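Biologist: Please take a close look at the sheet in this model. I would like to know how its strands are ordered and what packs on them.

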Amino acid sequence: MPNSDTIVFIPAWNEANALPELLEEAQRDLPGAELLVIDDGSTDDTAAVARAGGAEVMSFGENRGLRVGIAEGYRQAAERGYRFCGRLDADGQHPPAELARMLDRVRADECDVAVGSRFLPGAGADGVRYQPAPERVLGTSLLRLLMRVRLGQPFSDATSGLYAVNDKALELLSDPYVCESPEVEALIRIREARLRLLEVPVHMRQREHGASSFSGKRSVMLVLSIGVTLVAEEWLRRRRKKPTWLSRLLPGRG
């Protein structure tokens, strides 16, 4: 059994420059939580920097992509017996203090999964809210419409990677992802498993390191790809056996 009941994992690929500040904040704002960096085949000093910052490191021999890194983080949390798990992005956009607030709400049994939103009323800090790039606004609007149709409820920030979950969600979130946006796929799994999902207004920083995959023309193409995936997934869902994570959660349900 782990010494702590909480683990926070950070998928990282060539984030040696961003990790020191992030890990320092995490040590300060998430006291008692174990920190795990999923090093996705980085070619810089990501692994060494993460260890120097007090995190455990799991390194892939090659770059496998964010989808694999996210699934591995949840798998590690499940196999090690943690009751609570958080996810932070390595680029510094997610303040660990915001994740701490979300974990408090999960621990208080307000929900099984809390997702941080940049766009809900009350998001931001000191009157300053996250400002998406102009070319991203269209893609975000289309995605909100798709998610409202698919989930049956509005969801303001479906591509947010800031998550806090309890152990009920770990296995279903550790299964391999097939969608270009694993965060969107995660929301569908959570909804289908009938777990309690709460969107929480948070402050997120503007990106300082790396480049977003959800920008420019790619944002629209990504939304279209997600839309096709959602439609295909719904069609297959009605005709296939329960996915492994749903079978474990809801035995005997079809």
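**The sheet and its helices**

Modeller: Start with one bridge: A114 has A164 in strand 6 as its partner. The model is predicted. That bridge belongs to the pairing of strand 5 (residues 113-117) with strand 6 (residues 163-166), which is antiparallel and runs over three bridges.

Helix 4 (residues 96-107) packs on the sheet. Its contacts are with strand 1 (6-12), strand 4 (84-87), strand 5, strand 6 and strand 7. The direction of helix 4 makes about 25° with that of strand 6. Helix 7 (residues 182-192) also packs on the sheet, touching strand 4, strand 5, strand 6 and strand 7. For helix 7 the angle with the direction of strand 6 is about 30°.

Now the whole sheet. It is open, has seven strands and follows the order 3-2-1-4-6-5-7. The pairing is mixed. Strand 3 (56-59) and strand 7 (197-201) are the edges, each pairing on one side only. From one strand to the next, the twist averages 20°.

Back to helix 7. Of its 11 residues, 10 are buried, so the helix is mostly covered. Among the buried ones are charged residues: E183, E185, R189 and E192. V184, L187, I188 and I190 are buried too. Just after the helix, R194 takes a positive phi of about 60°.

Helix 4 has a helix partner as well. Its axis and that of helix 1 (residues 19-29) come within 8 Å and cross at roughly 35°. The crossing is right-handed. On the helix 1 side, the contact uses L22, E25, A26 and D29. On the helix 4 side it uses P96, A97 and A100. By class, that contact has five nonpolar residues, two charged and no polar ones.

D29 also forms a salt bridge with R28, with the closest N and O atoms 3.0 Å apart. R28 is exposed, at 54% relative accessibility. D29 is partly exposed, at 21%.

One salt bridge links the loops around helix 5 (134-151). D157 and R118 meet at 2.7 Å, N to O. D157 lies in the loop between helix 5 and strand 6, and R118 in the loop between strand 5 and helix 5, so the pair ties together parts that are 39 residues apart in sequence. Buried means under 20% relative accessible area. D157 is at 1%, so it counts as buried. R118, at 5%, is buried too.

Note on methods
Residues numbered from 1 in each chain as written. Predicted model: local features only at pLDDT ≥ 70, side-chain atom pairs only at ≥ 80, totals over all residues. Heavy atoms only, no water. Pairing = 2+ DSSP bridges. Helix = DSSP H or I, 4+ residues; strand = E, 2+ residues; numbered from the N terminus. Axes fitted to C-alpha atoms, helices over the stretch in contact; angles between N-to-C directions. Contact = heavy atoms within 4.5 Å. Left-handed = near helix turned anticlockwise from the far one by under 90°. Buried < 20%, exposed > 50% of the residue type's maximum accessible area, 1.4 Å probe, protein only. Salt bridge = Lys/Arg side-chain N within 4 Å of Asp/Glu carboxyl O.
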